[in-house]
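Visitor: I would like to understand the words people use when they describe a protein model. Could you take me through this one?

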Amino acid sequence: MKKKVISVDNITKEVALSTNKTIKILNNVSLAAYANEFLSIVGPSGSGKSTLLKSMSGLMQPTAGKVTINATDPYRLRPSQTAKMRRHEIGFIFQSYNLVPALPVFENIVLPLRLSGQKIDRQAVVQLMDKMNFAADLNSFVANLSGGEKQKVAIARVLLTKAKIIFADEPTGAVDSASKEIIFNLLRSLVDQGACVIMVTHDIELATKTDRTLTLKDGKIEQIFTKPKVEDLLASIEKG
Ligand SMILES: Nc1ncnc2c1ncn2[C@@H]1O[C@H](COP(=O)(O)OP(=O)(O)OP(=O)(O)O)[C@@H](O)[C@H]1O
Ligand SMILES: [Mg+2]
């Protein structure tokens with residue numbers, strides 16, 4: 001039987017603008033995600049994809065509705081429990097990478113491991129970076145890296161934590177097509193080992209290689225597809 005690891009029930013996210021207006025970024029969104037599942041989220045820029053990913057991962061509390069991660073509401077935890085969940089259960093690959101500029105590449109990659117007191121296997125880091133064709137020096141500072149290199153650091157940082165639920169916001173947006181395939185395959189192999197990967201992407205073709213794809217439009221789920229074709233997704237997103 002499928003093991004549900006995330007459940008999102010009727011979430012809405014509103015933000016107050018300085019003009020005293022309130023905008024609804026997410027509007028009554030419900031979905032579930034399972035272990036052994038690669039789920040993708042596609043939709044136009046500004047449709048709420050990053051907001052949905054942050055809301056469902058415990059990083060941004062929705063205005064209304066409920067999120068459950070492994071049977072726990074992440075927004076009702078004490079701060080120490082929240083930190084524990086973020087360190088051990090979930091991994092988040094940010095669209096904007098969220099690296100620490102003052103630290104070298106290697107230290108950025110192993111930061112979550114250091115924070116949770118885990119052993120650092122230098123060889124495993126080197127191997128993973130080689131696998132991703134990361135050519136820069138692991139001792140250089142991340143500020144000097146290209147966008148694609150920063151993205152690989154952000155991905156490695158999460159992959160090494162062995163988190164069972166991984167949120168990936170545009171994880172291949174800045175890399176070349178060869179690296180894109182390598183990264184996709186790394187994520188796929190985590191899914192095959194029992195993880196749940198939820199990936200936001202602008203790459204429709206890549207989305208069709210995942211198990212299920214959700215299309216988001218104006219903060220609402222338009223459709224949820226199982227193994228869609230490129231044309232299905234394009235039609236769903238472009239539907240007026
Ligand atoms: N804190 C905020 N205050 C005001 N508006 C916000 C806030 N956060 C997000 N928005 C707006 O909500 C909408 C959805 O943002 P979000 O970042 O989730 O979109 P997205 O689908 O991830 O877009 P992209 O594909 O460009 O990354 C956008 O119009 C954005 O400007
Ligand atoms: Mg986004």
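Visitor: What makes α5 and α6 roughly parallel?

Guide: Keep in mind that this is a predicted model. Helix α5 (residues 147-159) and helix α6 (residues 177-192) pack at an angle of about 15 degrees, and their axes are 12 Å apart. Angles under 35 degrees count as roughly parallel. The angle here falls in that range, so α5 and α6 are called roughly parallel to each other. As for handedness, α5 passes α6 in a left-handed crossing.

Visitor: Which residues make that contact?

Guide: From α5 come K152, I155 and L159, while α6 brings S179, I183, L186, L187 and L190. By class, these residues divide into six nonpolar, one polar and one charged. Lys is among the residues that count as charged, and Ile and Leu are among the nonpolar ones.

Visitor: Why is α3 called roughly perpendicular to α4?

Guide: The axes of α3 and α4 come within 11 Å and cross at roughly 110 degrees. Roughly perpendicular covers 65 to 115 degrees, so this pair earns the name. Here the crossing of α3 past α4 is right-handed. The contact is formed by F106, I109 and V110 of α3 with R122, V125 and M129 of α4. Sorted by class, the contact of α3 with α4 has five nonpolar residues, no polar ones and one charged.

Visitor: Which residues of α3 are buried?

Guide: They are V105, F106, N108, I109, V110 and L113. To be called buried, a residue needs a relative accessible area under 20%. The buried residues of α3 pack against α4 (122-131) and α5. Just after α3, you can look for G117, which has a positive phi of about 70 degrees.

Visitor: Which residues have a positive phi although they are not glycines?

Guide: N70 is one of them, with a phi of about 45 degrees. A71 is another, with a phi of about 70 degrees. N70 lies in the loop between β4 (64-69) and α2 (79-88), and A71 lies in the loop between β4 and α2 as well.

Visitor: Why is A71 called exposed, and what is N70 called?

Guide: Exposed means over 50% relative accessible area. A71 has 74%, so A71 counts as exposed. N70 has 28%, which lies between 20% and 50%, so N70 is partly exposed.

Visitor: How do you know that S50 and Q95 are donors of the magnesium ion?

Guide: For this metal, donor atoms are N, O or S atoms within 2.8 Å. The protein donors of the magnesium ion (ligand 2) are S50, through OG, and Q95, through OE1, and they lie 2.0 to 2.3 Å from the ion. Those distances are within the cut-off, so both atoms qualify. S50 lies in helix α1 (residues 49-56) and Q95 in the loop between β5 (90-93) and α3 (105-115), so the pair ties together parts that are 45 residues apart in sequence. Q95 is partly exposed, with a relative accessible area of 42%.

Visitor: What makes A235 partly exposed?

Guide: A235 is found in helix α8 (residues 230-238). Its relative accessibility is 45%, and partly exposed runs between 20% and 50%, so the label follows.

Visitor: How far is A235 from T72?

Guide: Their C-alpha atoms are separated by 36 Å, and the two residues are 163 residues apart along the chain.

Notes
Residues numbered from 1 in each chain as written. Chains lettered and ligands numbered in written order. Predicted model: local features only at pLDDT ≥ 70, side-chain atom pairs only at ≥ 80, totals over all residues. Heavy atoms only, no water. Donors = N, O, S within 2.8 Å, 3.2 Å for Na, K, Ca; no water. Helix = DSSP H or I, 4+ residues; strand = E, 2+ residues; numbered from the N terminus. Buried < 20%, exposed > 50% of the residue type's maximum accessible area, 1.4 Å probe, protein only. Axes fitted to C-alpha atoms, helices over the stretch in contact; angles between N-to-C directions. Parallel < 35°, antiparallel > 145°, perpendicular 65-115°, else oblique. Left-handed = near helix turned anticlockwise from the far one by under 90°. Contact = heavy atoms within 4.5 Å.
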